[in-house]
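Hello,

Here is the structure I promised to pass on. Please have a look, then read my notes below.

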Amino acid sequence: MRYLLLSMRLVCLAAVAGAWLFPTPADAAESVVLKYSILRESISVPELATFVETGELSPALRAYLAMAGKKPEELRKVLTQEIKVNALFLDKVLNNPLGEIALTQVSDVIHTGSGANVQALRGALMSSALSNNKITLIEVLQNYPTPEVHVEGDRLADVYKQVRRLAEGLPNLGDLIK
């Protein structure tokens, strides 16, 4: 019974902290600067979300992906692949030295215009996980707490793999965190 009460308190505390610390939709990214090699294009987050949900490309995004030599379905797949994760445990992992290393690596690919921002990335990941105990890259982009988020498109698949490895390794990392 005591464990149940403690668990309930932790969940409530996490919910309050999440509402206070993590971005609301008003604070979320409005545009994504997608970079492939020397090419870069600013895409509105709603435009990218429509592409993810329906598969329909705006003319600008279609032209940009064609110039970059990228297949739309590959981008859509990377943006929509789900990673299941326990949000409370993810918080523990992201707030320790191993998590900081992983966040630093990922923030080389998803970052603000001025460079890596570990705190912004942590907030976007946590906001994504808190809503449904899963993460997709489109959710991370939608929850990124700056008006503009930059994405190194050539390395986007690598980010998915890093986040997936981190999420799959959570039970093993838990032993190191205790």
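Aspartate 154 counts as partly exposed, because its relative accessibility is 42% and the partly exposed class runs between 20% and 50%. Please keep in mind that this is a predicted model.

The side chain of aspartate 154 has a partner. It forms a salt bridge with lysine 70, at 3.5 Å from N to O. The two residues sit in distant parts of the chain, 84 residues apart. Lysine 70 is in the loop between α3 (59-68) and α4 (72-80). Aspartate 154 is in the loop between β6 (148-152) and α9 (156-168). Lysine 70 is also partly exposed, with 30% relative accessibility.

How many salt bridges does the structure hold? There are four. Side chains of opposite charge can pair when their charged atoms come close. Two further pairs are described here.

One of them joins lysine 134 and glutamate 82. Their side chains meet at 2.9 Å, N to O. Lysine 134 belongs to strand β5 (residues 134-135), while glutamate 82 is in the loop between α4 and β3 (83-84), so this salt bridge ties together parts that are 52 residues apart in sequence. Lysine 134 has a relative accessible area of 23%, so it is partly exposed. Glutamate 82 is partly exposed as well, at 39%.

The other pair is arginine 122 with glutamate 100. The N to O distance in this salt bridge is 2.1 Å. Here two helices are linked: arginine 122 is in α7 (residues 118-132) and glutamate 100 is in α6 (residues 97-106). The two residues are 22 apart. Is arginine 122 buried or exposed? Arginine 122 counts as buried, because its relative accessibility is 12% and the buried class is under 20%. Its partner, glutamate 100, is partly exposed at 31%.

Now to the strands. β1 (residues 31-36) and β2 (residues 39-44) pair in the antiparallel sense. Six bridges connect them. In one of the pairings, lysine 35 has arginine 40 of β2 as its bridge partner. Together, β1 and β2 make a hairpin, with two residues between the strands. Look at serine 37 in the turn. Serine 37 has a positive phi of about 55 degrees.

If you open the model, the pair of aspartate 154 and lysine 70 is where these notes began. The hairpin of β1 and β2 is where they end.

Best wishes

Definitions and conventions
Residues are numbered from 1 along each chain as its sequence is written. This is a predicted model: local features need pLDDT of at least 70, side-chain atom pairs count only at pLDDT 80 or more; totals for chains, interfaces and linings use all residues. Side-chain values use heavy atoms; hydrogens and water are left out. Two strands pair if DSSP finds at least two bridges between them. Helices (H or I, at least four residues) and strands (E, at least two) are DSSP runs, numbered from the N terminus. Buried means under 20% relative accessible area, exposed over 50%, partly exposed in between (1.4 Å probe, protein chains only).
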